[in-house]
Amino acid sequence: MKITEVELSNIKSYDDDINSIDLTEGINAVIGQNGAGKSTVQEAVGYALFDYLGLSSQSDFVRNGENSGTVRVTFVSNMDDEKYIVERKAGRSRYRVIREKDNKEILDTRSDANKEDIVTWLRDHLGVPESTDLEKLWKSSIGVPQTQFTDDFAKTPSNREDVFNPLLEVDVYDEAWNDLLDVNKAIKREKQDLKEDIENLKGKVENLDEKREEKEELEDEIEEEQEELEELQEEKEELEERKEELEELEDDISDLDGKIDKKENTIENKEEALEDAEDDLEEAEDAQETIEEVEEEYEEYEEKDDQLDDLRERQSERDEIKEEKNELENKRTELKTKKEGLEDDVDDAEEAKETMEDLEDDVERQEELEETLDDIEDKEDEIEDLEGEVEEAEEALEDIEEDIEELEEEISEIEELEDKADELDELEEEEQELRDEKAKLEGSIEDLEEAIETLEDTDEAECPTCGQDLDKEHREGVLKDKREEKSEAEDRISEIEEEELDDLEKEIEEAEDAEKQVNRLPDLNEKLEGLEEDRDEKEEEIENLEEEIEELEDAVDEKDELEEELDELGDPKSEYDSAETIYEDKKEAENDLEEVEGDLEQLEDKIEEKEEELEEFEGLDNEIEELEERLEELEDAHEKYISKKETAKKVEERQEKVDSLEEDIEELEDDVEEFEDELEGLEEQFDEEEYEEVQERVSELQGDIGSLDGTIETKQDNLEDLEDEIEEMEEQKEKLDDKRDEFEELEADLEFGEFLRESVDDARPLMTEILVKQISAEANKIYRQLRGTATEELEWRSDYEIVIRENGEEKAFEKLSGGEQMSAALAVRLAILELLSDVDIVFLDEPTTNLDQEKRRNLVDQLQNLEGFEQLTVVSHDGAFESVTEHAITLEKVDGATEVKLQ
């Protein structure tokens, strides 16, 4: 894979423009001074592609003053050779993948995915194994932070294991070993539980055979009592059949008694109904006679009533004409009143018009004065606002001046630290010289100890150190010299460790702190310049505001004179408005007056027409009165006819009902006579004494059967309880057998678990050794390439210690020079990356730190010849990379923002 472009917007020192950094195959160099945003490029790649951000929070990654920033990294996939863009927000949760060729969105946390989905997709397309953690791979091999690059290898063995065990994934053996311990403990606990269960189950099945015998005896007793019960039930069934026959006879007798009573009741009801029907018939015959008597009067009433309806219709027509005439007369009255009002309005309009003409000049002057005074009041408000702005500006100016004073003091204090910061390189060289001296002294002590041991063990022969023949005195003298030399070396090491190095490290720490402060000077001076510009702008702003206030104050001086003139003038505008309102309201009154007079003439004509129409209805009320009097005389006969008419029609119907009831009563009396004959025959067949004897015996048998049935049921329950108990015991016996088998299986499982733990415990160092040997061999090749020598060999041991051998001499990592440490650490990290994943890109952050000019140049040359990596990006302020890399990007900080410049 390879990265082709990194885009940053509102990230750290990168502003809101899209800042694009193109990367190519081979070596890329990102060059710039401290603070120019070099490391931010590396951090952006780690954040977008490897889910790693070494800052305390995303807000530290976002440019000051902004809520969020954006990182876009374009790379070529190891899976399908397609180009993809990974876009990730800082300060927001959005994370998405876009295919470049068609700009198609593949995954987006705002719609169809979560962060874990995108990390899984990235692992596949970057060529990282599923079990490898992207974040660990980045910070341990691909984009190792500057401060961590060599420090991981200088740690103690246990701390080195914390770093590299997870990366090589051999810590899974320790986890498995611990997990298996828990498994074995669980098996042991389960075995103990099983043992207790087995003992418990043994006690539960001790009486199983006795319970089986008891069950057989109980089954025999139940069988005998069941036979006796069946005999009693047969006798009871025979008697119940006879009892049932007698009860049927008794029921038949009772049914006939009921039928007879029912028929007799029906006859009684029918006779009562007959009496009512006869009364209804008589009523209908009387009604028929009545309507024959009043029929003529009824017909006259109907005729007169129709005539009265016609007259009332004419009366309604007349009343309607009267109502219309009244409405016209009311309208005439309204119009006369309106005419009088309009005549008054005409007079008012003429008077208002004269008033308006008299006030026109005064109104015009009043409006001029009021407009001028309104303008003056606006200017007074504007002066007040401007004075507020002046006050705010003066307060802001005071704050700026305080900030300038504080910043100048801070800059002055930091400038005093420049001499201290300049000492850092010299102090670090001095520290390295002391460490080199210490390493040499330690090597010398080892040689002296070997010589002393040889001299102490040698009685004769040649001296191992000078080659002369040894005698006792000579040997003692040589031993004394060697011991003194060793003691002096040890004293010197103590002096270096306890005094000189401690003092030097404190001075270095002070110088580093001073350098950090001094590095802030450009930003602080830039900030000071900005504050001074702000101060000048604020002073100019105050001056402009004060000039504007002065101009406005001149304009408001004539306010008192204008207000006095306005008071003297009064309020002609109000008088004019009142007159204008009257005129506008009443100027149309003259036209309206003419219209009203015309309407009055038309109304008079219509009223006269209505009076002529009413003359046709004279005498109508007298005719209606005469008809109403005659109808009142005929009303009783009319009502009597109507009330009896319906009843008279029912004479024939009611006669039929009387005849039908008489026939029903005769039939019912015949039925009663038949039922009484049948009842007499049934009473002769029924024997009351026999019925009582049968009933008594059935009751006795019922008691015996119930008692015996209860005994059988009790024994049956006991049998069921016994069967349940036996069944439970048999189940417990099966469980006992199963538990014994399970116990034997657990013993085998425990034995196998102990074997597995021993195997896993043996496998971790073996697998670590295999992986480390493979990585060590590859790292040795890379180290030789970087160093450009065939005499040096690198070995990475199973405790993750780096050792360099040269001409048979071994040097531990902490005794290597800065350049050797950088090359060795780089070789191992690149080898891990090459063997554990398909990722063939690397970012190196300041790889030439603490190297002299010659060693820097050598490392640069060797990186050019490094094989096995498609893309290597160096982040450095060292100008040595500009001339030798295939692609250099220079970053500069201008006005607080990073600018990208290609070489």
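## Helix 18 and the loop after it

Helix 18 has 19 residues, and at 1.5 Å a residue these should span 27 Å; the end C-alpha atoms are indeed 27 Å apart, so the two figures agree. This is a predicted model, by the way. As for its surroundings, 16 of the 19 residues of helix 18 are buried, so the helix is largely enclosed by the rest of the structure.

Helix 18 covers 818–836, and the loop between it and strand 11 (841–845) is where you'll find Asp 840. Is Asp 840 buried or exposed? Its relative accessible area is 18%, and since the cut-off for buried is under 20%, Asp 840 counts as buried. Asp 840 also has a partner from far along the chain: Gly 127 is 713 residues away in sequence, yet the two C-alpha atoms are separated by 9.3 Å.

## Thr 873 in strand 12

Strand 12 runs over residues 871–876 and includes Thr 873. With a relative accessibility of 1%, Thr 873 counts as buried.

What does Thr 873 touch, once residues up to four places away in sequence are set aside? One group is Leu 23, Asn 28 and Val 30, and the other is Val 842, Phe 843 and Leu 844. Strand 11 (841–845) is the element that comes after the loop holding Asp 840.

## Two straightforward helix lengths

Take helix 11 next, residues 521–555. Its 35 residues should span 51 Å at 1.5 Å a residue, and the end C-alpha atoms are 51 Å apart, so expectation and model agree. Which residues of helix 11 are buried? Leucines feature at Leu 521, Leu 524, Leu 528, Leu 531, Leu 545 and Leu 552, joined by Ile 542 and Ile 549, and Lys 538 is on the list too.

Helix 14 (residues 589–614) tells a similar story about length: 26 residues at 1.5 Å each should span 38 Å, and its end C-alpha atoms are 38 Å apart, which agrees. Its buried residues are Ala 589, Leu 593, Val 596, Leu 600, Leu 603, Ile 607, Lys 610 and Leu 614. What do they pack against? The buried residues of helix 14 meet helix 7 (295–415) and helix 13 (572–586).

## Helices 6 and 7: two glutamates

Helix 6 spans residues 208–293 and contains Glu 283. That glutamate is partly exposed, with a relative accessible area of 42%. Leaving aside neighbours within four places in sequence, Glu 283 is in contact with Thr 647 and Arg 654. The pairing with Thr 647 bridges 364 residues of sequence, while the C-alpha atoms sit 7.7 Å apart in space.

Over in helix 7 there's Glu 364, which counts as partly exposed at 46% relative accessibility. How far apart are the C-alpha atoms of Glu 364 and Glu 693? They are separated by 138 Å, with the two positions 329 residues apart along the chain.

## Positive phi in two loops

A couple of non-glycine residues have positive phi. Asp 51 has phi near 55 degrees, and its home is the loop between helix 1 (38–49) and strand 4 (69–76).

Asn 807 likewise has phi near 55 degrees. This asparagine is in the loop between strand 9 (802–806) and strand 10 (809–812), and at 70% relative accessibility Asn 807 counts as exposed.

## The chain as a whole

Stepping back, the chain has 19 helices and 14 strands. How does its radius of gyration compare with that of a compact globule? A compact globule of 903 residues would be near 29 Å, but this chain has 63 Å. Along its principal axes, the C-alpha trace spans about 185 × 145 × 50 Å.

Of the 903 residues, 36% count as buried. Among contacts with a separation of 6 or more, residues 24 or more positions apart account for 76%. The accessible surface comes to about 54600 Å², with 37% of it belonging to carbon and sulfur atoms. As for charge, there are 105 positive and 352 negative side chains, and the centres of the two sets lie 10 Å apart.

Key. Residues numbered from 1 in each chain as written. Predicted model: local features only at pLDDT ≥ 70, side-chain atom pairs only at ≥ 80, totals over all residues. Heavy atoms only, no water. Helix = DSSP H or I, 4+ residues; strand = E, 2+ residues; numbered from the N terminus. Rg over C-alpha atoms; globule rule 2.2 N^0.38 Å. Buried < 20%, exposed > 50% of the residue type's maximum accessible area, 1.4 Å probe, protein only. Contact = heavy atoms within 4.5 Å. Areas by Shrake-Rupley, 256 points an atom, 1.4 Å probe, with all protein chains shown as cover. Lys, Arg positive; Asp, Glu negative; His and termini not counted. Charge placed at Lys NZ, Arg CZ, Asp CG, Glu CD. Expected span 1.5 Å × (residues − 1).
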